[in-house]
Amino acid sequence: MSKTALLILSEGAEEMEAVISADVLRRAGMKVTIAGLQDLNPIKCSRDVVIVPDVSLQDAVKQSYDAVILPGGLKGAENLAESDVVKSLLQSQEKNGRLIAAICAAPIALKSHSIGTGKQITSHPCKQADLSTGEYKYIEKRVAIDENLITSRGPGTAFEFALAIVKHFFGKEKATSLVGPMLVNAEIE
């Protein structure tokens, strides 16, 4: 049975983080569903790239996923942080010990919904002050991994972020096997 991931996309999301994550996970054999936070309409991302989601989040939450992925982009992250549907989904994901992964500004949604408190996290430097207030152990690594929580810094770390998710589910050998064909300069820890 293949692993499943739900990537939640919102207006203002960072397109590189969304597309690179979905692409790398699909290369690894994961079934990735891109859900539109607002609805099923095309989503205008932070750099005006438009992405059409596979499904609305309202429909996507009718099933469970091995991973829930939150791309950043300041406005997109703020939308995730304000959503009761995202809150409920993340709480269920955490309660059931399933992976949650957030990159760039998206860890503010973790804080907003009290997800992963006490764990090591990282984020885009512009959100460090917001996330260093005691709920988390903030570290300045490109990718922070703490059990079923993976966080990362931004667009330039998107490949490492996605490969960390691959490693979580399929092991280091599988993640390493993706590096060469993509010509990515990344080491898998």
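Two strands are taken to pair if DSSP finds at least two bridges between them, and the views below show a predicted model with that usage throughout.

**View 1. Strands β1 and β2 run parallel and are joined by 6 bridges.** Strand β1 spans residues 4-9, and strand β2 spans residues 31-36. Within this pairing, A35 of β2 is the bridge partner of I8. Between the two strands the chain passes through helix α1, residues 15-27, and the resulting β-α-β crossover from β1 to β2 is right-handed. Strand β2 is mostly covered, since 5 of its 6 residues are buried.

**View 2. Strand β2 also pairs with strand β5.** The pairing of β2 with β5, which comprises residues 55-56, is in the parallel sense and extends over 2 bridges. The residue of β5 that serves as bridge partner of G36 is S56.

**View 3. An open sheet of 7 strands follows the order β5-β2-β1-β6-β7-β11-β10.** The pairing across this sheet is mixed. Strands β5 and β10 stand at its edges, and because each has a single partner strand, one side of each is left without a neighbour in the sheet.

**View 4. Strand β6, residues 67-70, pairs with strand β7, and also with strand β1.** Towards β7, which spans residues 99-103, the pairing is in the parallel sense over 4 bridges, and here V68 stands opposite I100. Towards β1, the pairing is likewise described as parallel, over 3 bridges, and L6 stands opposite V68 of β6. In a regular strand the side chains alternate between the two faces of the sheet. Both faces of β6 are covered, with A67 and I69 on one side and V68 and L70 on the other, all of them buried.

**View 5. Helices α7 and α8 cross at roughly 145°, their axes coming within 7 Å.** Helix α7 covers residues 158-170, and helix α8 covers residues 172-182. From α7 the contact is made by F159, L163, V166, K167 and F170, and from α8 by K172, K174, A175, L178, V179 and M182. Sorted by class, the contact of α7 with α8 has 8 nonpolar and 3 charged residues, and no polar ones.

**View 6. E147 has a positive phi, near 55°, although E147 is a residue other than glycine.** Most residues other than glycine have a negative phi. E147 lies in the loop between β10, residues 143-146, and β11, residues 149-152. With a relative accessible area of 60%, E147 is exposed, because the cut-off for that class is over 50%.

**View 7. L183, a residue other than glycine, likewise has a positive phi, near 55°.** This leucine, L183, is found in the segment after α8. At 77% relative accessibility, L183 counts as exposed.

**View 8. The annotated domain covers residues 3-167.** The UniProt record, an unreviewed entry, labels this stretch "domain: DJ-1/PfpI". Over residues 3-167 the chain is 35% helix and 24% strand, and the C-alpha atoms at the two ends are 12 Å apart.

Methods: Residues are numbered from 1 along each chain as its sequence is written. This is a predicted model: local features need pLDDT of at least 70, side-chain atom pairs count only at pLDDT 80 or more; totals for chains, interfaces and linings use all residues. Side-chain values use heavy atoms; hydrogens and water are left out. Buried means under 20% relative accessible area, exposed over 50%, partly exposed in between (1.4 Å probe, protein chains only). A crossover is right-handed if, with the strands pointing away from the viewer, the path from the first strand over the helix to the second runs clockwise. Axes are lines fitted to C-alpha atoms, for helices over the stretch in contact, and angles run from 0 to 180 degrees between N-to-C directions. Contact means heavy atoms within 4.5 Å. Ala, Val, Leu, Ile, Met, Phe, Trp, Tyr, Cys and Pro count as nonpolar, Asp, Glu, Lys and Arg as charged, and the others, Gly among them, as polar. UniProt positions are given in the numbering used here, feature names are shortened, and annotations may be inferred rather than shown by experiment.
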